[in-house]
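Thank you all for making time this morning. I would like to walk you through one model, so please have the sequence and the coordinates open while I talk.

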Amino acid sequence: MADWSPFSWARRLRSLGIVGLNQRNLSYINAHNDRSLFPTVDDKLQTKLLAQKHGINTPTLLGVIHSQVEVDRLDALTPEGQGFAIKPAQGSGGKGILVIQRREGEHFLKASGVWLHRRDVLRYLSNLLSGLYSLGGKPDVAVIEGLIEFDPHLARFSFEGVPDIRVVVFRGYPVMAMMRLSTRASDGKANLHQGAIGVGIDIDRGRAVRAVQYDRPVDVHPDTGKPFRDLEIPDWPELLELTARCYEMTGLGYVGTDMVIDPNRGPMLLELNARPGLAIQTANGCGLQPRLDRVLAETALRAPAARVTFARAAFATPPERSLPRAG
Amino acid sequence: MKLPRSALLWVAAILMAAGVGHTFYRHLEHDVPWFPGTTQELWDVEAMIEFRAGGEPARVRLAVPDTQTGFVLQGENTASPGYGIHSEHRDGQRYVEWTAREARGAQVVYYRGQYRTDPQAEPAREVQPPDPREVIWSPPLQTAANQILRGAYQESADAFSLARAITARLGDSEDQNAQLLLSEFEAAEAMVRLLNQAEVPARSVRGLNLEDGRRRQSPIPVVQVFDDDNEWQLFFPGEERPAQSEFLLWERTGGPLLEVEGGSDSRVTFSMLKTSQPITGMPDDPSLADAVFNLTIHSLPISEQAIFMSILLLPIGAMIVVLARVFVGIETSGTFMPVLLALAFLKMSLLSGIVTFLLVIGFGLLLRQALAHLNLLLVARVSVVIICVIGLISLFSVLSFHAGIDIGLKMAFFPIIILAWTIERMSILWEENGPREVAKQGSGSLITAIAAYSVMALPWVQHWMFNFLGLQLVVLALIILAGSYTGYRVSELWRFRPFLQEGARG
């Protein structure tokens with residue numbers, strides 16, 4: 001940084017193709033996402049039902065609790081001895097999600113190893129329904145899903161919780177991907193600014209390109225000690241095709257798709273985000289702009305599979321920029 | 001559906017051109033000065049008379065001032081649909097009289113006068129001194145009055161110095177005799193009685209303390225004292241003596257201020273506004289077309305104009321918020337909360353405003369923590385916070401008043417509902433994202449509010465926004481342009497700095 005003038009910084013960022021928030025809002029979200037389509041992605045239940053209609057894999061829906069009078073259905077909806085997750089349909093940023101590993105009668109085992117009594121879960125449900133976790137405190141519904149199995153390969157990279165994969169899809173083309181790994185510092189949460197690790201993923205092969213924590217490159221997971229150069233996402237082409245199909249499903253031109261891998265059921269759609277953040281650029285160490293421009297230049301209409309083929313060829317990370325592989 | 005960017009630029013350009021054009025038109029055609037203080041001061045004073053009429057003939061008579069020492073009557077008008085109006089002089093005092101054959105229900109009539117401050121101005125007519133009345137005190141007061149008079153008389157040489165000595169005694173809170181008189185009489189009345197007892201002609205008259213933007217003021221009684229040559233001076237017992245240019249004598253013969261026949265529950269209140277607009281900028285008879293074309297807020301009643309002074313500053317505050325968020329990337333708690341905060345700072349002072357804000361938010365967060373244990377629904381929780389904020393503000397007001405700090409009385413200007421929401425949001429932010437995020441958004445809000453305050457407090461900004469309404473269009477155009485900015489925010493240069501550093505290394 002020889003030149004300290006902010007204008008030259010801005011020029012440098014522009015030449016690297018970094019997209020800023022103003023540009024994201026105006027040129028991508030406002031221009032490509034019709035506001036009337038937002039409710040389908042802002043409500044997890046609607047997203048889920050829509051995905052089922054389009055044959056896109058999502059975690060099993062055990063049931064929905066719509067109102068306070070229905071909270072007693074909890075026992076009927078959750079199988080004895082198995083795990084499940086309760087989510088506020090309109091929660092944002094992973095707030096208000098309760099993961100139960102196992103239910104034994106009146107007692108519920110949380111992911112953290114703490115036992116909850118049934119009345120604690122009921123109180124949590126009633127808070128959720130009255131809008132404690134939803135934006136603006138709107139009344140909400142509780143979505144109960146079957147537990148996602150950890151993929152044993154990926155689980156070793158995460159401190160707690162299921163690692164999810166964010167793919168930004170522009171006009172149906174997957175343009176950039178990132179995996180978010182919670183750490184002890186991030187308290188099990190997957191928010192990058194709270195200390196979670198963002199791992200940039202090569203669009204072509206599904207391998208780690210680089211990893212950052214607090215915007216700084218890291219080589220190994222600080223809690224599990226696993227080196228990121230070993231990280232490779234299984235079923236990568238299938239996962240990309242699912243994300244590409246979200247374009248037809250929602251009609252949103254610029255969307256963040258959050259995916260998880262279940263070892264038995266393969267890639268699944270967790271949720272969609274109509275305003276995906278920009279940290280994915282830092283995780284990948286490259287800007288979104290050139291890739292978005294490349295997609296805008298494509299006028300041919302393609303099926304999801306063909307779009308994935310195109311994206312894998314066009315947005316592959318060159319070998320010299322990838323992490324060196326061990327053997 | 002979405003218009004191309006060029007359309008946006010055209011809209012902004014047209015708004016800008018219209019705004020600048022109207023501004024120059026105002027300057028050239030109406031001689032509105034570019035900067036405040038380059039012309040003489042004008043005071044618009046409006047008397048609003050309210051009464052309840054019972055269906056009979058109604059007659060309303062209001063004493064009104066003429067050109068007097070320090071002020072020249074520049075123009076006057078009345079607003080009173082359905083009433084006949086005439087004005088007359090009686091014993092050296094001018095009156096405006098409204099008459100109607102039949103009036104029913106709540107009635108409001110307005111009188112408005114415009115006065116130019118002029119140190120050379122002298123009244124056109126003389127007033128006759130009253131004959132000193134015979135004064136009778138109750139026995140305990142008699143002694144006190146005699147003692148005050150004796151002391152004051154010995155220290156004085158003529159009527160005016162006697163009046164000065166009496167004013168000093170009545171203003172002395174240690175003087176037992178004066179306090180005894182004041183427990184029975186108002187200061188002005190007590191002074192008139194004392195002077196009359198000394199056979200000095202004096203009477204209680206009424207005038208207005210001129211303060212910019214005040215509404216619903218009542219006139220204050222002052223004492224008019226005559227010497228042997230029928231010259232008179234005003235004395236302000238029990239009050240701070242205002243500057244000559246800030247006191248307008250409204251009624252100068254000791255007669256009634258307002259008389260209403262055929263009505264009940266009558267009262268008169270005054271609003272006042274200071275402008276630097278020259279005489280030619282003031283339309284004498286503003287027709288509707290003229291008012292619309294000139295977009296002149298000056299044709300509104302003064303009490304409305306005073307409100308507009310604040311409202312017309314809001315676009316500037318909104319623009320500062322837009323700049324802070326779009327160009328700098330400052331995170332604030334609640335988008336336009338900083339603007340309301342800045343308005344409150346304008347009414348108080350910056351330092352006391354910041355201290356109050358921090359106190360209310362700090363204590364509010366503590367209270368909100370306690371509330372969390374009650375496990376309430378959202379709307380109920382915020383309502384409880386609102387009541388707590390009101391309680392806090394009342395408490396601080398009382399405490400600061402008794403500590404001798406004057407700011408407390410003005411705390412009520414704080415946007416209470418907005419503060420309650422801020423506390424609620426910050427408290428949730430604290431639970432979910434930790435105190436760092438709270439400090440970040442809190443300081444962001446405060447910095448934006450201070451920036452908005454610093455711009456809105458500039459006298460020439462206030463002058464421009466109030467006198468050149470075309471500038472509102474210019475602000476609008478600037479905000480539209482800012483709304484289409486796709487470049488980086490200053491905060492993003494920091495956020496993406498790893499790219500810059502790696503680029504430099506590579």
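I will take the two chains in turn, and then spend some time on salt bridges, a sheet and a surface patch.

Before anything else, please keep in mind that this is a predicted model, in which local features need pLDDT of at least 70 and side-chain atom pairs count only at pLDDT 80 or more, whereas totals for chains, interfaces and linings use all residues. Residues are numbered from 1 along each chain as its sequence is written, chains are lettered from A and ligands numbered from 1 in the order in which they are written, and side-chain values use heavy atoms, with hydrogens and water left out.

Let me begin with chain A, which has eleven helices and 13 strands; helices (H or I, at least four residues) and strands (E, at least two) are DSSP runs, numbered from the N terminus. Of its 327 residues, 51% count as buried, where buried means under 20% relative accessible area, exposed means over 50%, and partly exposed lies in between, with a 1.4 Å probe and protein chains only. The area that chain A exposes is about 13,900 Å², and carbon and sulfur atoms supply 53% of it; accessible areas come from the Shrake-Rupley method with a 1.4 Å probe, and for residues only the protein chains shown count as cover. Among the contacts in chain A with a separation of 6 or more, 64% are accounted for by residues 24 or more positions apart, a contact being heavy atoms within 4.5 Å.

For a single position in this chain, look at A:Thr58, in the loop between α4 (44-53) and β1 (61-65) of chain A. Is A:Thr58 buried or exposed? A:Thr58 counts as buried, because its relative accessibility is 7%. Leaving aside residues up to four places away in sequence, A:Thr58 touches A:Lys48, A:Ala51 and A:Gln52, and also A:Arg265, A:Met268 and A:Leu269.

Now to the charged pairs. Side chains of opposite charge can pair when their charged atoms come close. Over all chains the structure holds 37 salt bridges, each defined as a side-chain nitrogen of Lys or Arg within 4 Å of a carboxyl oxygen of Asp or Glu.

One of them joins A:Arg275 to A:Asp42, with the closest N and O atoms 3.4 Å apart. This pair links distant parts of the chain, since A:Arg275 is in the loop between β13 (266-273) and α9 (279-284) of chain A, A:Asp42 is in helix α3 (residues 38-42), and their positions lie 233 residues apart in the sense that they are 233 residues apart. A:Arg275 is partly exposed, with a relative accessible area of 38%, and A:Asp42, at 34%, counts as partly exposed too.

A local example is the salt bridge between the side chains of A:Asp120 and A:Arg123, at 3.9 Å from N to O. These two are separated by about one helical turn, because they are three residues apart in helix α6 (residues 118-129) of chain A. A:Asp120 is partly exposed at 28%, and A:Arg123 is partly exposed at 46%.

Turning to chain B, we find 17 helices and twelve strands, and of its 506 residues 47% are buried. Chain B exposes about 25,000 Å², of which carbon and sulfur atoms supply 59%, and residues 24 or more positions apart account for 78% of its contacts with a separation of 6 or more.

How are the strands of the open sheet in chain B ordered? Four strands run in the order β3-β6-β1-β12, and the pairing is antiparallel; two strands pair if DSSP finds at least two bridges between them. The edges are β3 (71-79) and β12 (263-275), each with a single partner strand, so one side of each is left without a neighbour in the sheet. Strand β1 (residues 42-54) is joined to β12 of chain B by eleven bridges, and B:Trp43 has B:Lys274 as its bridge partner in β12.

Finally, a nonpolar surface patch of about 480 Å² is made by B:Leu351, B:Val355, B:Leu359, B:Phe363 and B:Leu366. Patches are made of residues with over 30% relative accessible area and no salt bridge, like charges being joined within 9 Å and nonpolar side chains (Val, Leu, Ile, Met, Phe, Trp, Tyr) within 5 Å. B:Leu366 is found in helix α10 (residues 350-372) of chain B, and B:Leu366 counts as exposed because its relative accessibility is 58%.
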